[in-house]
Amino acid sequence: SSLYDIVVSPLLLRFPQEIICVSRSVRDFLQKTLKVKKIPCIIWSGIDINFWKPINRHTEKKGAFNVVFVGRVVFEKVIFVLIVSIRYAPKNVSYFIVGDGPDMLNLRNYIHSKALDGRILCTGLLSREQTKALFFEMDIFANPSFYAEGLQLSLLEAASFGLPIISTNLPGIAEFFPKGSYVRIEKRNPQ
């Protein structure tokens with residue numbers, strides 16, 4: 001919980017006609033932590049499943065093995081742990097960081113300082129068409145985030161596209177994806 005969550009949010013949530021949440025975990029947070037008395041309605045995030053149609057993935061692929069992260073580049077999303085994890089990956093593994101944010105320059109500098117420029121590519125922001133085209137070249141979607149958000153749309157897009165997912169077990173993720181449908185990673189553990 002941040003100062004914003006404790007001070008500002010209760011003021012904003014005092015008089016609304018309706019409160020809409022994107023997951024049960026957000027609803028529970030509002031009710032338990034912020035003591036919101038009005039019962040929020042839940043409307044889960046959605047994506048255009050016709051655009052992100054599932055594809056048949058070939059599991060036997062030779063050569064490069066590509067891991068992608070799509071999201072806002074902020075410290076809370078623990079992207080640096082993902083970057084450190086490449087030390088434990090075989091040499092044919094490459095990472096693609098799609099997105100932008102206040103910590104992108106720090107991330108690029110860190111990648112360069114560790115001489116990982118050849119294995120990690122920061123694309124910056126991509127359109128959804130460009131992201132979909134990139135997904136065709138990817139083998140795994142990685143979500144190292146511990147950022148308190150309901151459910152990242154990029155996870156839904158990757159799942160709809162058919163990419164296997166490695167993710168932290170945040171409440172929004174755990175309630176949407178059934179146990180066993182993705183690989184859970186431990187908090188801030190690059191291995």
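Which helix holds Phe176? In this predicted model, Phe176 lies in helix 7, which spans residues 171-176. With a relative accessible area of 36%, Phe176 is partly exposed, because that value falls between the 20% limit for buried residues and the 50% limit for exposed ones. Setting aside residues up to four places away in sequence, Phe176 touches Trp44, Leu151 and Leu156. Arg24 also deserves a mention here: 152 residues separate Arg24 from Phe176 in sequence, yet their C-alpha atoms are 9.6 Å apart in space.

We can turn next to helix 5 (residues 128-135), where Thr131, Leu134 and Phe135 are buried. Viewed down the helix axis, these buried residues fall within an arc of 105°, so they line one face of helix 5. The packing partners of that buried set are strand 3 (65-70), strand 4 (93-98), strand 6 (140-143) and helix 6 (153-161).

Phe135 reappears in the largest nonpolar core, a group of 21 residues in which Val68, Phe135, Phe141 and Leu163 touch the most other members. At least two residues of this core come from each of strand 3, strand 4, helix 5 and helix 6, and helix 6 provides the largest share, with four residues. Beyond its neighbours within four places in sequence, Val68 is in contact with Phe96, Val98, Leu134, Phe135, Met138, Ile140, Phe141, Ala142 and Leu163. A second core, separate from this one, has 19 residues, among them Leu82, Ile86, Ala89 and Ile120. In soluble globular proteins, nonpolar side chains tend to be buried together.

Conventions:
Residues numbered from 1 in each chain as written. Predicted model: local features only at pLDDT ≥ 70, side-chain atom pairs only at ≥ 80, totals over all residues. Heavy atoms only, no water. Buried < 20%, exposed > 50% of the residue type's maximum accessible area, 1.4 Å probe, protein only. Arc of directions from axis to C-beta. Contact = heavy atoms within 4.5 Å. Core = buried A, V, L, I, M, F, W, Y, C linked by side-chain atoms within 4.5 Å.
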